[in-house]
Amino acid sequence: VTGERADPMNDDNVTVGFYLSNDKMVKDGNGNIARDYTFRIAPHAKYEGIFQARTSNGKIISTAPADVMLRDPGYTRDLELLRARVSLEMNLDGSLTGYVGGYRPWEAVYKGWVNARGPVIELLTWVQLPAVYYALRRSADYSPTGPGGEKTHISFALRIDALPAFVMTPDASKEVAS
């Protein structure tokens with residue numbers, strides 16, 4: 001998160017970026033993810049989510065929707081979000097909590113289950129994949145082609161819990177400022 005004003009809690013022009021890193025997260029002595037660790041970004045044009053936002057009383061809220069591609073923590077690798085927005089809250093300890101939300105293709109969610117050895121998934125989880133297919137299709141609520149088009153996307157939100165960290169250029173020669 002970068003901004004233009006001296007007061008990070010109230011800034012009308014903020015950029016929120018989600019980037020990949022090949023560096024592993026490190027745990028502290030209590031088994032929690034370590035704070036203030038250093039991560040080198042791994043630039044990847046496909047997996048960079050950039051949001052224009054503003055801060056108001058410590059809340060970071062996107063000012064315009066963005067179409068982004070992030071990494072999916074589930075069965076699929078790609079998390080395509082159309083008309084995505086971000087809502088984060090700055091906590092007193094420097095951490096962030098909040099959400100990234102938008103519309104994702106529902107068919108990719110279904111195929112993620114099927115491609116993860118569908119019959120095994122059905123047997124071990126008692127999930128009926130045909131029912132998942134029809135539930136996702138029925139619940140789709142967004143059409144990229146407009147109000148009259150086929151609804152191929154479904155509302156999606158990803159919870160974000162972030163800790164303060166140092167973000168470095170790929171060669172670790174300097175800290176990334178924006």
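How much surface does the protein expose, and what share of it do carbon and sulfur atoms supply? In the predicted model analysed here, the exposed area comes to about 11400 Å², of which 53% is supplied by carbon and sulfur atoms. The C-alpha atoms, taken along the principal axes, fill a box of roughly 50 × 45 × 30 Å. Of the 178 residues in the protein, 31% are buried.

The secondary structure of the protein consists of three helices and ten strands. Read from the N terminus, these elements follow the order β-β-β-β-β-β-β-β-α-α-α-β-β, so that eight strands precede the helices and two strands come after them. When contacts between residues at least 6 apart in sequence are considered, 52% of them join residues that are at least 24 apart.

With regard to charge, the protein carries 20 positive and 21 negative side chains, and the centres of these two sets are separated by 6 Å.

A nonpolar patch on the surface, with an area of about 270 Å², is formed by Met25, Ile33 and Leu163. Of these residues, Met25 is placed in the loop that links β2 (11-18) to β3 (37-40). Its relative accessible area is 61%, and Met25 is therefore classed as exposed, the cut-off for that class being over 50%. The same value also satisfies the accessibility condition for membership of a patch, because that condition asks for over 30% relative accessible area.

Attention was then given to the backbone. Most residues other than glycine have a negative phi. Against this background, two residues are described here for their positive values, Asn57 and Ala172. The phi angle of Asn57 is near 50°, and this residue is found in the loop between β4 (49-56) and β5 (59-62). Asn57 counts as exposed because its relative accessibility is 65%. For Ala172, phi is near 60°, and the residue belongs to the segment that follows β10 (165-168). With a relative accessibility of 38%, Ala172 is assigned to the partly exposed class, since this value falls between the limit of 20% for buried residues and that of 50% for exposed ones.

Terms used. Residues are numbered from 1 along each chain as its sequence is written. This is a predicted model: local features need pLDDT of at least 70, side-chain atom pairs count only at pLDDT 80 or more; totals for chains, interfaces and linings use all residues. Side-chain values use heavy atoms; hydrogens and water are left out. Patches are made of residues with over 30% relative accessible area and no salt bridge: like charges are joined within 9 Å, nonpolar side chains (Val, Leu, Ile, Met, Phe, Trp, Tyr) within 5 Å. Accessible areas come from the Shrake-Rupley method with a 1.4 Å probe; for residues, only the protein chains shown count as cover. A salt bridge is a side-chain nitrogen of Lys or Arg within 4 Å of a carboxyl oxygen of Asp or Glu. Helices (H or I, at least four residues) and strands (E, at least two) are DSSP runs, numbered from the N terminus. Buried means under 20% relative accessible area, exposed over 50%, partly exposed in between (1.4 Å probe, protein chains only). Contact means heavy atoms within 4.5 Å. Lys and Arg count as positive and Asp and Glu as negative; His and the chain ends are not counted. The place of a charge is taken as NZ of Lys, CZ of Arg, CG of Asp or CD of Glu.
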